[in-house]
Structure formats: structure tokens, C-alpha cells
Amino acid sequence: MTVSRGNAFVHILTGGVDSGKTTRLLSIYREMDSGDGFINVKIYREGTIAGQRIIRLSSGESEPFSYIRGFTPDGWDEKYTYGNYSFSEKGLAFARNIVSDIVSRRISPVFIDEIGPLELGKKGFYDIFRILLHTNNEIYTAVRESCIESVIREFGISAYEIINPDSLVFR
């Protein structure tokens, strides 16, 4: 489905939890060999998912973003919680700085992983995603299947393409 009105054009990669949305987003970034943004990768401790780390695509710089309760390290700078997850103020600031740099340098396309329940609650990447939507950037983002309609409505996205798992070809 494609709709063409508005400033930013949003490519929405969709799928369920742990369906490979982040991997697909990274694959598109690498194939295009342009743009910038960030992905969230899982942090493991002894084979168990402990949280997520934000990684800037262009530089590989990273910052812890969230931990599952029971895995938070000493000195953790919790900004807020969602379910069993604790989110870092420093991690959020890292993401804001990435987007601020992208906007000031007019880099496009922009890759944001992911927009979902946290952002629908006006937390997480809510503010930075709204900023990006008011630019003329092309945006690639991952959104859970269960959140697509709510994300489009909440953010007033009018120019978008929904990319389903079966419509992507990997090399």
C-alpha cells in the first residue's frame, strides 16, 4: 500500500516480535550504502536476552538502551519503565543526538528501529520520530504488525509504504 501526501515518506517494515525487522532494516541500509540512523540489537547475558543496545549505523557507536528487570547494571540511569523493561536516559539522549546530527546535516534516508508500543505511549523515540516526520527525509522504520494502524494514526503519517516480510529480497 502506498499513499503519497505530506513531507517525509515512510517505509514501514513490518512483522511480529522477533521476526527479523531489525535485520531487514540493516540489510536495506547496507544495500543502499547511504543514509544514517540506528538499530536496536539484543544484549545477551549467559544466553538470555538481557536488554537492547542502540547502534548508530554510520559509525558503529553504541549505547545501552534498555534492560529487563533483574539485568540492570549498577549505576543504571532509568528514565522510565514499560512492562519488564527499564529504559536509559543516556540511551535516549544518544538516539536524540543521532537524529539531531542527521537533521542538521540533511542526511537521507533515515533508519529508526523501532516505533511501537513505547512510542504509542509517547515515550521512547516518540519525539525524535515526530521531528523526522516534519522533514523532507525518506524514513525507514520497523513497526510491529499489531501496531501499524495505531502508529500511522498517532503520528499522522500520510505518505508511506508498508513492506511485508515476503516482499523483500536479500542478496
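User: How much area does the protein expose, and what share of it do carbon and sulfur atoms supply?
Analyst: This is a predicted model. The exposed area comes to about 8,900 Å². Carbon and sulfur atoms supply 45% of that area.

User: What percentage of the residues in the protein is buried?
Analyst: The cut-off for buried is under 20% relative accessible area. The protein has 171 residues. Buried residues make up 46%.

User: How many helices and strands does the protein have, and what is its radius of gyration?
Analyst: The secondary structure comes to five helices and ten strands. For 171 residues the globule rule gives 16 Å. The protein comes close to that value, so it is as compact as a globular protein of that length. Its radius of gyration is 15 Å.

User: What box do the C-alpha atoms fill?
Analyst: The box is taken along the principal axes. Its dimensions are roughly 45 × 35 × 30 Å.

User: What percentage of the contacts between residues at least 6 apart in sequence joins residues at least 24 apart?
Analyst: Contact here means heavy atoms within 4.5 Å. Among contacts between residues at least 6 apart, the share joining residues at least 24 apart is 61%.

User: How far apart are the mean positions of the positive and negative charges?
Analyst: The protein has 20 positive and 22 negative charges. Their mean positions are separated by 3 Å.

User: Which residues touch the most other members of the largest nonpolar core, and which element gives the most to it?
Analyst: Nonpolar side chains tend to be buried together in soluble globular proteins. The largest nonpolar core here has 35 residues, and F38, F125 and I157 touch the most other members. Elements that each supply at least two of its residues include β2 (9-15), α4 (126-133) and β9 (138-144). The most comes from α2, with six residues.

User: Which residues of α2 and β8 is F38 in contact with?
Analyst: Neighbours within four places in sequence are left aside. Helix α2 spans 89-104, and β8 spans 110-112. From α2, F38 contacts A95, I98 and V99; from β8, F111 and I112.

User: Where are the cis peptide bonds that precede P109 and E114?
Analyst: Most peptide bonds are trans. The bond joining S108 and P109 is cis, with omega about 0 degrees. The bond joining D113 and E114 is also cis, with omega about -15 degrees. P109 sits in the loop between α2 and β8, and E114 in the loop between β8 and α3 (117-120).

User: What is the phi of E46, and is this residue buried or exposed?
Analyst: Most residues other than glycine have a negative phi. E46 is not a glycine, yet its phi is positive, about 50 degrees. E46 lies in the loop between β3 (36-45) and β4 (48-56). Its relative accessible area is 85%, so E46 is exposed.

User: Is R106 buried or exposed?
Analyst: R106 is in the loop between α2 and β8. R106 has a positive phi of about 55 degrees, although it is not a glycine. The cut-off for exposed is over 50%. R106 has a relative accessible area of 76%, so it is exposed.

User: Which residues does V103 touch, not counting those up to four places away in sequence?
Analyst: V103 is in helix α2. At 30% relative accessibility, V103 counts as partly exposed. V103 and I131 are 28 residues apart in sequence, and their C-alpha atoms are 8.8 Å apart. The residues touched are I131, L132 and T135.

Key
Residues are numbered from 1 along each chain as its sequence is written. This is a predicted model: local features need pLDDT of at least 70, side-chain atom pairs count only at pLDDT 80 or more; totals for chains, interfaces and linings use all residues. Side-chain values use heavy atoms; hydrogens and water are left out. Helices (H or I, at least four residues) and strands (E, at least two) are DSSP runs, numbered from the N terminus. The radius of gyration is taken over C-alpha atoms; the globule rule is 2.2 Å times the number of residues to the power 0.38. Buried means under 20% relative accessible area, exposed over 50%, partly exposed in between (1.4 Å probe, protein chains only). Accessible areas come from the Shrake-Rupley method with a 1.4 Å probe; for residues, only the protein chains shown count as cover. Lys and Arg count as positive and Asp and Glu as negative; His and the chain ends are not counted. The place of a charge is taken as NZ of Lys, CZ of Arg, CG of Asp or CD of Glu. A nonpolar core is a set of buried Ala, Val, Leu, Ile, Met, Phe, Trp, Tyr and Cys residues joined through side-chain atoms within 4.5 Å.
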